[in-house]
Amino acid sequence: MNYRHAYHAGNFADVLKHAVLQRMLVLMQRKEAPIAYLDSHAGVGLYDLHGVEAGKTGEWHSGIGRLPAQSNSPLLADYLAQVAALNSEGERRYYPGSPELARRVLREYDSLQLCEKHPQDFALLKDNMRHDERVICHQRDGWQIGKALLPTEEKRALLLIDPPFEAEDEFSQAVNTLQEAIGRMRQVVVAIWYPIKAEKQLKGFYQALANSGAPKLLRAELWVRPADNAASLNGSGLAIVNPPWPLEEELRTGLPELLKLLDQGGGGYRLDWLIEEPVLAPTPGAKPRKPRQKAR
Ligand SMILES: C[S@@+](CC[C@H](N)C(=O)[O-])C[C@H]1O[C@@H](n2cnc3c(N)ncnc32)[C@H](O)[C@@H]1O
């Protein structure tokens, strides 16, 4: 395990992931029922952009560093407000990882369960979350999260699957974990974050997602450079099962807004359904249509 997220925190891929995560958690709160948040690969929770690791790569400058302090866009407004709340005015020093963002957005009766395997990062995560009684940190293999923690007591849950993608098999592990999760809790909202280097590398992954058996699956991608160079991270995507309404509509305006802010030349975005929601037949007694699957 070489990966440490502190080198990458706040980069353009984090911006997409965290803006969408934040929005999903806010939209899920339109219903009063409690929510369980689960993070399979949690990281340390909170990052110092002036720290040694972030300073070595400087990646955040082309991510959160390019965004304004505030925005009216539904996708960005709350996310930027959370980042601002961690910093004094005009400063961009502290950056919330997925656990910290979720913790800040969720209500007092919601819960959080976070898995992190790296011993040092786990210790930091535990320390960063120590004042919040809603949070349980597990030093365990995130790939077992479905078996270990689902279904949750709460009827509504959001699972973020966010591995480092250091190894080839992490794409198939992510799909297996998704299937495990929906097998145990069909209504769970799941978001898999994935890197985009060269688009053609992702064909098998898209196919596996389309065949996953998920009730519905939205694909949201943003690349800041042409996605044709396998050696560098050019963009990232989120595969979202059971997205809360009206996330799709918000992304339809939010992704082009985000692209304008993050584009380094030749960037783009994509928003489509890999599995469409079955449309109920209007005539009484008629069978609903099967979900339509698509992968390209
Ligand atoms: C991309 S980072 C997570 C970032 C975090 N979700 C966020 O958005 O702030 C991936 C994390 O997974 C951890 N990790 C790697 N393999 C793991 C495994 N099998 N189980 C749990 N954590 C793992 C790494 O130590 C790293 O902290």
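Which residue's side chain does a polar contact join to the side chain of serine 98? In this predicted model, the partner is aspartate 39, and the contact spans 2.7 Å. Serine 98 belongs to helix α4, which covers residues 98-105. With a relative accessible area of 4%, serine 98 is buried, because the cut-off for that label is under 20%. Apart from residues up to four places away in sequence, serine 98 touches His18, Leu21, Tyr37, Asp39, Ala42 and Leu160. Serine 98 also appears in the UniProt record, where an unreviewed entry lists His18, His41, Ser98, Glu116, Asp141, Gly142 and Asp162 under "binding site".

The ligand itself offers a natural next stop. It is surrounded by 22 residues, and the closest are His18, His41, Glu116, Gly142 and Asp162. Sorted by class, this shell holds 5 nonpolar, 9 polar and 8 charged residues. Several polar atoms of the protein can be paired with atoms of the ligand. An oxygen atom of the ligand lies 2.6 Å from a polar side-chain atom of glutamate 116. For aspartate 141, a polar side-chain atom is found 2.9 Å from a ligand nitrogen atom. Glycine 142 takes part through its backbone, with a polar atom 2.8 Å from a nitrogen atom of the ligand. The ligand taken alone exposes 610 Å², and the protein buries 96% of that area.

Aspartate 162 deserves a closer look, as the unreviewed UniProt entry lists this residue under "active site" and also under "binding site". Aspartate 162 sits in the loop that runs between β6 (156-161) and α7 (170-184). Its relative accessibility is 12%, so aspartate 162 counts as buried. Beyond its neighbours within four places in sequence, aspartate 162 is in contact with Lys17, Ser40, His41 and Trp193. With lysine 17 there is a polar contact between the two side chains, at 2.6 Å.

Histidine 41, one of the contacts of aspartate 162, is placed in the loop between β1 (35-39) and β2 (46-48). Histidine 41 is buried too, because its relative accessibility is 17%. Its contacts outside the four-place sequence window are Cys115, Glu116, Gly142, Trp143, Asp162, Pro163 and Pro164. Among them, Glu116, Gly142 and Asp162 are also listed with the residues closest to the ligand. The side chain of histidine 41 makes a polar contact of 2.6 Å with the side chain of serine 40.

Backbone geometry adds some further points of interest. Most residues other than glycine have a negative phi, and most peptide bonds are trans. Phenylalanine 165, however, has a positive phi of about 55°. This residue lies in the loop between β6 and α7, where aspartate 162 is also found. At 13% relative accessibility, phenylalanine 165 counts as buried. Asparagine 242 likewise has a positive phi, near 55°, and is located in the loop between β9 and α9. Its relative accessibility of 12% places asparagine 242 in the buried class.

Two cis peptide bonds can be described as well. One joins leucine 150 and proline 151, with omega at about 0°. Proline 151 is part of the loop between α6 (145-149) and β6. Another cis bond leads from tryptophan 245 to proline 246, again with omega near 0°. Proline 246 falls in the loop between β9 (235-241) and α9 (247-262), which also holds asparagine 242.

Two helix residues complete the picture. Arginine 23, in helix α1 (residues 12-28), is buried, with a relative accessible area of 10%. A polar atom of the arginine 23 side chain lies 3.4 Å from the backbone oxygen of proline 74. With neighbours within four places in sequence left aside, arginine 23 is in contact with Pro74, Leu75, Asp78, Leu247 and Glu250. Leucine 76 is found in helix α3 (residues 74-85) and is buried at 2% relative accessibility. Leaving aside the same sequence window, leucine 76 is in contact with Ala19, Leu67, Ser71, Leu258 and Leu261. The C-alpha atom of leucine 76 is separated by 22 Å from that of alanine 157, a residue 81 positions away along the chain.

Terms used. Residues are numbered from 1 along each chain as its sequence is written. This is a predicted model: local features need pLDDT of at least 70, side-chain atom pairs count only at pLDDT 80 or more; totals for chains, interfaces and linings use all residues. Side-chain values use heavy atoms; hydrogens and water are left out. UniProt positions are given in the numbering used here, feature names are shortened, and annotations may be inferred rather than shown by experiment. Helices (H or I, at least four residues) and strands (E, at least two) are DSSP runs, numbered from the N terminus. Buried means under 20% relative accessible area, exposed over 50%, partly exposed in between (1.4 Å probe, protein chains only). Contact means heavy atoms within 4.5 Å. A polar contact is a pair of N or O atoms within 3.5 Å; within protein, one must be able to donate a hydrogen and the other to accept it, and residues adjacent in sequence count only if both atoms are side-chain atoms. A residue is near a molecule or strand if one of its heavy atoms lies within 4 Å of it. Accessible areas come from the Shrake-Rupley method with a 1.4 Å probe; for residues, only the protein chains shown count as cover. Ala, Val, Leu, Ile, Met, Phe, Trp, Tyr, Cys and Pro count as nonpolar, Asp, Glu, Lys and Arg as charged, and the others, Gly among them, as polar.
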